[in-house]
Structure formats: C-alpha cells, structure tokens
Amino acid sequence: MENTKTLEEVRRFFENDRFAAENGAVIDSIGDHTATCSLAVTARHRNAMGGLMGGAAFTLADFAFAVAANWQHAGTVSLNSSITFLGTLKGSRLSATAVCVKDGRSTCYYRVDVTDDLGTQIAAVSITGFHKA
C-alpha cells in the first residue's frame, strides 16, 4: 500500500485481519508509521473474574502495530513482542496507539500504549518487526 491511501482504504485492506476484526478491533486513525485502533469491551473480552482478558489487550496492540507498520508499505511482521500490564480496565473501550521508534533497513521497533476511554493506562507493549518485503 502506498502512503496516499485514505483511512477508508486502509480499513478495507485490514478487514482481512479476521481475528482482530471478529474481536471488534477498528482502525481509528493512521499517520506516518503510526496508528490508533480501538474496540468496545464486551463480555467476550473478559476473563473468569470479570476483568479484561490480557489477550484482548495484546490483540488490540498487535493489530495497531500491524496497521502502523504496514499501511504505507505492506510486508512487516512481528519478530518479538513484550507486554507489561499496568492497570485495570475502568472504562468500556480500549484504545491502542502504535508509534514507530526506529525504522531500519530490515527491522523496526514500535511502542504501543493501551488505554481505556477514561485514560487509564492498561498496558505498554514493545514490538520488534521484520521487513520481509
């Protein structure tokens, strides 16, 4: 994809990311090597104790990384990811913002912040990607 794509074109392309889409993830905004994605938290995103399932936060962070790293030029995959859980969900919507810290010839590094709609920081995610194309 070229960086002249509109937000709607990017959304249509990433509809093929079935796991993220079927779990409610949507693309809110895109920028130069950045993206913000969100999802409305429902019962399917909760664990047995009623809290947010860690996998829901990670899925959203991974999706935000994928969009940020690929919407301008597809071909980047995750090599390594690390998530640190920082807070408990207070709101009803999760948001993940991926920002490129370093974009090298063959690898890249992104920081992804996951928050809820009340501003609670839920998780910090570090992702190293590989440019395979």
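This report covers the overall fold of the protein chain and then two residues, Phe-58 and Thr-36. The model is predicted.

**Overall fold**

The protein chain holds 3 helices and 6 strands. Read from the N terminus, the order is α-α-β-β-α-β-β-β-β. The radius of gyration is 14 Å, close to the 14 Å that the globule rule gives for 133 residues, so the chain is as compact as a globular protein of that length. The C-alpha trace spans about 45 × 25 × 25 Å along its principal axes.

Contacts reach across the sequence. Among contacts with a separation of 6 or more, 62% join residues 24 or more positions apart. Of the 133 residues, 36% are buried.

**Surface and charge**

About 7,000 Å² of the protein chain is exposed. Carbon and sulfur atoms supply 52% of that area. The charged side chains number 12 positive and 13 negative. The centres of these two sets lie 3 Å apart.

**Two residues compared**

The table sets out where each residue sits and how accessible it is.

| Residue | Element | Relative accessibility and class |
|---|---|---|
| Phe-58 | helix 3 (residues 54–70) | 27%, partly exposed |
| Thr-36 | strand 2 (residues 34–40) | 15%, buried |

The classes follow from the cut-offs: buried means under 20% relative accessible area, and partly exposed lies between that and 50%. Thr-36 has 15%, so Thr-36 counts as buried. Phe-58 has 27%, so Phe-58 counts as partly exposed.

**Phe-58**

Which residues does Phe-58 contact, leaving aside neighbours within four places in sequence? They are Ser-81, Ile-83 and Val-125. Phe-58 itself belongs to helix 3. A distance to another serine can also be given. Ser-78 is 20 residues from Phe-58 along the chain, and their C-alpha atoms are separated by 13 Å.

**Thr-36**

Thr-36 sits in strand 2. Residues up to four places away in sequence are not counted in its contacts. Beyond them, Thr-36 touches Val-26, Ile-27, Asp-28 and Ser-29, and also Ser-95, Ala-96 and Thr-97. What does the side chain of Thr-36 do with the side chain of Thr-97? The two side chains make a polar contact at 3.0 Å. Thr-97 is thus listed among the residues that Thr-36 touches and is its polar partner.

Conventions. Residues numbered from 1 in each chain as written. Predicted model: local features only at pLDDT ≥ 70, side-chain atom pairs only at ≥ 80, totals over all residues. Heavy atoms only, no water. Helix = DSSP H or I, 4+ residues; strand = E, 2+ residues; numbered from the N terminus. Rg over C-alpha atoms; globule rule 2.2 N^0.38 Å. Buried < 20%, exposed > 50% of the residue type's maximum accessible area, 1.4 Å probe, protein only. Contact = heavy atoms within 4.5 Å. Areas by Shrake-Rupley, 256 points an atom, 1.4 Å probe, with all protein chains shown as cover. Lys, Arg positive; Asp, Glu negative; His and termini not counted. Charge placed at Lys NZ, Arg CZ, Asp CG, Glu CD. Polar contact = N/O pair within 3.5 Å; in protein donor to acceptor, adjacent residues only side chain to side chain.
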